[in-house]
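User: I am new to this structure. Please show it to me, and then let us go through it in short turns.

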Amino acid sequence: MTSPSGRHFLQIPGPSNVPDRILHAIGRPTIDHRGPEFRRLSEEVLTGSRRIFKTSGPVVVFPTSGTGAWEAALMNTLSPGDKILMFETGHFATLWCKMARKFGIEVDFVPTNWRHGVDPQIVEDKLKADSGQAIKSVNIVHNETSTGVTSRVAEVRQAIDNASHPALFMVDTISSLGSVDYRHDEWQIDVTVGCSQKGLMLPPGLGFNAISEKALEASRKNRFIRHFWDWNDMLKANENFFYPSTPCTNLLYGLRESIRMLEEEGLDRVFARHARFGEATRRAVRTWGLEILCEEPKEFSPVLTAVMMPAGKGADALRKVILDAFNMSLGNGLGKVADKVFRIGHLGDLNDLSLIGTLAGVEMGLELGRIEHHKGGVQAAMQYLSESAS
Ligand SMILES: *Cc1c(COP(=O)(O)O)cnc(C)c1O
């Protein structure tokens, strides 16, 4: 094997490419996590994180991948035997459901064909039918990273309100935070679950819970035993910007840099950039004559596009051709759509030319892998990007 020149294209929908500014920030010496310099760092990231989640309430940071942050959300609010409502929008919703069931939570898991988001009408109907108010929470995934479908969180909130139901509302924003508009307070979310390696452009290792007053109230009475994930221990230490155990100091340097970068660009511009990359990618895919997994235009993901393979062709073989020939990683199909789709990540540290490079890698891969397609997808994306350039 020769060592490839140039930079690897990491176009999976998380972990996303880590920009040099963040890598440099992380490379600073580790400091005393109980000293004054750490306190200043920690204050900046804990208050800055609130602006990213759009909340005036607490955001806690755990050393974990997203899975741990899911667990923290459940353990701090619910009790064994509680009923909750979830939607099978894809692989990540399925994993969160499996976790809840393992802990003895009873999940009403509404099936979908993995090509749509959460249906707000079903939320409203289910909650209206629950006259005994047995449902303790509604837990949904904002951006389903396995399918490229973004659920309409504000409409789900409205559905809960229409039913006048007291259930908590928990949202996995792991692959949407920092890429898609998200408003913890305005949408009255009780627990928002996030992590570092997607829109925040950091390496894996930090998990987040943004917590409402109502969720805190629930955490004082619920019956799951937890220690590492306990919000109250964390919040007590966070009052002085410290942590109950050793934090990921270097990743917090990175988080400070990530928040600065997102705010320098401006969150609204960040969201518009992702939406524009999504549109350019879909124009390329349609020109190739391939099908996009998401069936609902209102739910197309600005973060990634899952592309269906023609019948009889494996997505993993195509991904291997592209990795070997062009040094680019694309996302594989997960769960039910394994080998049936590949996923083009267009999130995080990305500009017009890196997106065009990504799409060119796919188009050349289709040729090399002998996948029947029409040429000109990259051209269509270029046309759109130049027409919409600012
Ligand atoms: C990546 C991802 C997860 C899982 O996070 P890990 O960091 O792998 O534990 C959960 N939900 C969504 C929507 C994701 O994209």
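Analyst: Let us fix one term at the start: buried means under 20% relative accessible area, exposed means over 50%, and partly exposed lies in between (1.4 Å probe, protein chains only). This is a predicted model, where local features need pLDDT of at least 70, side-chain atom pairs count only at pLDDT 80 or more, and totals for chains, interfaces and linings use all residues. Residues are numbered from 1 along each chain as its sequence is written, and side-chain values use heavy atoms, with hydrogens and water left out.

User: What share of the 390 residues of the chain counts as buried?

Analyst: The cut-off is the one just given, under 20% relative accessible area. Applied to the 390 residues of the chain, it gives a buried share of 59%.

User: How many helices and strands does the chain have?

Analyst: Helices (H or I, at least four residues) and strands (E, at least two) are DSSP runs, numbered from the N terminus. By that count, the chain has 13 helices and 14 strands.

User: Why is the chain called as compact as a globular protein of its length?

Analyst: The radius of gyration is taken over C-alpha atoms, and the globule rule is 2.2 Å times the number of residues to the power 0.38. For 390 residues the rule gives 21 Å. The chain is as compact as a globular protein of that length because its own radius of gyration is close to that, at 21 Å.

User: What percentage of the chain's contacts with a separation of 6 or more joins residues 24 or more positions apart?

Analyst: Contact means heavy atoms within 4.5 Å. Among contacts with a separation of 6 or more, the share from residues 24 or more positions apart is 73%.

User: Which strands pair with strand E10?

Analyst: Two strands pair if DSSP finds at least two bridges between them. E10 spans residues 206–211. Strand E2 (residues 59–63) pairs with E10 in the antiparallel sense over 5 bridges, with valine 61 opposite phenylalanine 208. Another antiparallel partner of E10, again over 5 bridges and with cysteine 195 opposite glycine 207, is strand E9.

User: How many residues of E10 are buried?

Analyst: In a regular strand the side chains alternate between the two faces of the sheet. In E10, Leu206, Phe208 and Ala210 point one way, while Gly207, Asn209 and Ile211 point the other way. All of these are buried, so the count for E10 is 6 of 6.

User: Which strands pair in the parallel sense with strand E5?

Analyst: E5 covers residues 135–141, and 6 of its 7 residues are buried. Isoleucine 84 stands opposite serine 137 in E5, and valine 138 stands opposite phenylalanine 169 in E8. The parallel pairing with E5 runs over 4 bridges for strand E3 and over 5 bridges for strand E8.

User: Which strands stand at the edges of the open sheet E11-E12-E14?

Analyst: This sheet has 3 strands in that order, with antiparallel pairing. An edge strand here has a single partner strand, so one side of it is left without a neighbour in the sheet. That applies to strand E11 (291–292) and strand E14 (341–345).

User: Is helix H3 largely enclosed or open, and which of its residues are buried?

Analyst: H3 runs over residues 66–75, and 8 of its 10 residues are buried, so it is largely enclosed by the rest of the structure. The buried ones are Gly66, Gly68, Ala69, Trp70, Ala72, Ala73, Leu74 and Met75.

User: Is tyrosine 182 buried or exposed?

Analyst: Tyrosine 182 lies in the loop between strand E8 and E9. Leaving aside neighbours within four places in sequence, its contacts include Ile52, Phe53, His142 and Trp187. At 2% relative accessibility, tyrosine 182 counts as buried.

User: Which residues join through a cis peptide bond?

Analyst: Look at the loop between strand E1 (9–11) and helix H1 (20–26), where proline 15 lies. Omega is about -5° at the cis bond, which joins glycine 14 and proline 15.

User: What is the phi of asparagine 327?

Analyst: Asparagine 327 is found in the loop between helix H11 (315–326) and strand E13 (328–330). It is buried, with a relative accessible area of 17%. Its phi is positive in a residue other than glycine, near 55°.
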